[in-house]
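Student: I am new to this structure and would like a close look at a single part, namely the lining of a pocket. Please describe it in detail and then relate it to the rest of the chain.

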Amino acid sequence: MKLQRMNRRALALGALAVSGALALTACGSDETGNPDGGSSNAAAPSNIKCDDASGQVLADGSSAQKNAVDAWVKQFSAACKVEINYKAGGSGAGVTAFTQGQVPWAGSDSALKPDEVAASKKVCSGGQGIDLPMVGGPIAVGYNVPGVDKLVLDSATIAKIFDSKITKWNDPAIAKLNPDAKLPNLKIQAFHRSDESGTTDNFTKYLIATAKKDFPYEGGKAWQAKGGQSAPQSSGVAAQVKQTAGAIGYFELSYAKDGIKTVAIDTGADKPVEATVDNATKAIAEAKVVGTGKDLALELNYGTKADGAYPMVLVTYEIVCDKGNKAETLPAVKAFLRYAASEDGQKILAENDYAPMPDEIITKVRTTVESLS
């Protein structure tokens with residue numbers, strides 16, 4: 001009987017030891033952010049430089065880059081003990097959160113305006129907010145027209161569609177660009193963003209630059225054209241296009257998933273240009289840095305007619321203080337942006353339907369990130 005009690009006690013202690021080991025393993029997983037619950041050190045990229053980064057970082061902004069940020073965070077959090085929470089509430093919300101000191105960095109598909117730079121000086125002690133171009137890509141025009149697998153549009157036709165001047169899919173202007181397509185007598189349901197968006201800003205900049213007569217608006221983050229329907233964020237517009245017969249909308253290529261077809265644009269080049277990462281990179285390569293000091297804001301050439309250059313592109317900027325960053329978040333923000341701008345970080349973009357920054361631009365970004373203080 002005594003021997004049986006000793007055996008039961010040994011078994012209980014063994015079970016407790018196993019339970020404790022499992023608990024320690026789980027705790028280690030949570031600290032490193034490894035979603036698989038295993039040893040994150042085994043899977044963590046070895047070339048990510050964490051420095052003294054730790055804790056949590058809250059950020060907000062462009063929904064256009066959300067899929068890219070998610071991919072970065074997965075790798076970065078596996079290597080560094082930092083939890084990155086990117087809200088992706090839209091470029092307008094991100095800039096506001098940054099200039100109000102609510103987040104240490106934000107994403108925006110439009111460079112800071114002079115009044116926004118002025119506001120940033122109140123939260124950047126001795127410095128100001130700057131634009132770091134980090135993510136590029138095509139703004140795809142997705143459509144849902146039964147029986148039409150390929151569609152070509154030019155800027156004038158796109159402008160008229162989104163300004164409610166062309167309302168049927170078998171309109172002569174569309175038919176002329178698509179002589180081989182069986183276009184239905186179906187009402188066009190044009191969807192735009194309901195929230196302030198850098199995607200809208202860049203989409204309308206393209207239309208204003210190439211079809212001003214047909215799109216007589218000032219442009220900006222808020223939608224201005226007549227009619228149409230709205231949905232929040234790029235994911236919302238993409239979802240509406242997918243589920244609505246006759247729909248058309250604009251969003252980043254990374255959201256053109258699950259069978260959403262995209263428009264090829266007649267730019268005047270030898271043949272219509274598809275929305276692809278490579279074609280977007282060709283257009284972004286024509287951009288010029290127009291920012292001053294450490295600011296790297298770009299001027300895009302929306303009117304390019306180069307063969308294979310997809311002109312409807314956007315660049316997402318990471319907005320951060322050049323000086324005066326908060327001491328408690330600077331190491332984590334700097335480490336994360338360093339990784340995003342690295343060769344590996346930029347390589348991940350192409351794997352997720354985004355366009356890496358051209359070498360000349362990303363080299364300047366890397367230098368600027370190292371100088372953040």
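Tutor: The lining of the second largest pocket is made up of five nonpolar, two polar and four charged residues. In this division Ala, Val, Leu, Ile, Met, Phe, Trp, Tyr, Cys and Pro count as nonpolar, Asp, Glu, Lys and Arg as charged, and the others, Gly among them, as polar. The model is a predicted one, in which local features need pLDDT of at least 70 and side-chain atom pairs count only at pLDDT 80 or more, while totals for chains, interfaces and linings use all residues. Residues are numbered from 1 along each chain as its sequence is written, and side-chain values use heavy atoms, with hydrogens and water left out.

The residues that line this second largest pocket are Tyr143, Asp149, Lys150, Leu151, Val152, Asn178, Lys261, Thr262, Ala264, Pro272 and Glu274. The space within the second largest pocket comes to about 170 Å³. A pocket is an open set of points on a 1 Å grid over the protein atoms alone, with protein on both sides within 12 Å along at least five of seven lines; a cavity is a set where a 1.4 Å probe fits but cannot get out, and lining residues have an atom within 4 Å of a point. Grid points are joined across faces, edges and corners, and the volume is the space filled by probe spheres set on them.

The largest pocket holds about 430 Å³ of space. Its lining consists of 24 residues, and Ala111, Leu112, Lys205, Ala297 and Leu298 are those nearest the centre. By class, the lining of the largest pocket has 11 nonpolar, six polar and seven charged residues. Helix 5 (114-120), helix 8 (198-211), strand 12 (298-299) and strand 13 (313-321) each provide at least two of these residues, and helix 8 gives the largest share, three residues. Helices (H or I, at least four residues) and strands (E, at least two) are DSSP runs, numbered from the N terminus.

Helix 5 also contains alanine 119. Alanine 119 counts as partly exposed because its relative accessibility is 24%; buried means under 20% relative accessible area, exposed over 50%, and partly exposed in between (1.4 Å probe, protein chains only). From C-alpha to C-alpha, alanine 119 is 7.9 Å from glutamine 100, although the two are 19 residues apart in sequence.

A closed space is found as well: the search of the whole structure yields one cavity of 30 Å³ or more. The volume of the largest cavity is about 40 Å³. Gly136, Gly137, Pro138, Glu252, Leu253, Ser254, Leu314, Asp353 and Tyr354 line this cavity, and strand 4 (residues 129-144) gives the most to the lining, three residues.

Strand 13, one of the elements that line the largest pocket, also takes part in a disulfide. Two disulfides are present in the structure, each being a pair of cysteine sulfur atoms within 2.5 Å. One of them joins cysteine 124 to cysteine 321, with an S to S distance of 1.9 Å. This pair links distant parts of the chain, 197 residues apart: cysteine 124 is in the loop between helix 5 and strand 4, and cysteine 321 is in strand 13. Cysteine 124 and cysteine 321 are both buried. The other disulfide joins cysteine 50 to cysteine 80, S to S 2.0 Å. The torsion about the S-S bond of cysteine 50 and cysteine 80 is about -85°, so this disulfide is left-handed. Cysteine 50 and cysteine 80 are likewise buried.

Aromatic contacts complete the picture. The structure has 12 aromatic pairs. The ring centres of phenylalanine 76 and phenylalanine 336 are 5.3 Å apart and their planes lie at 80°, so this pair is edge-to-face. Phenylalanine 76 is in helix 3 and phenylalanine 336 in helix 11 (residues 330-341), so the pair ties together parts 260 residues apart in sequence. Rings of Phe, Tyr and Trp (its six-membered ring) pair if their centres lie within 6.5 Å; planes under 30 degrees apart count as stacked, over 60 as edge-to-face and the rest as tilted. Phenylalanine 76 and phenylalanine 336 are both buried. Finally, Phe162, Phe203, Phe215, Tyr217, Trp223 and Tyr250 make up one aromatic cluster.
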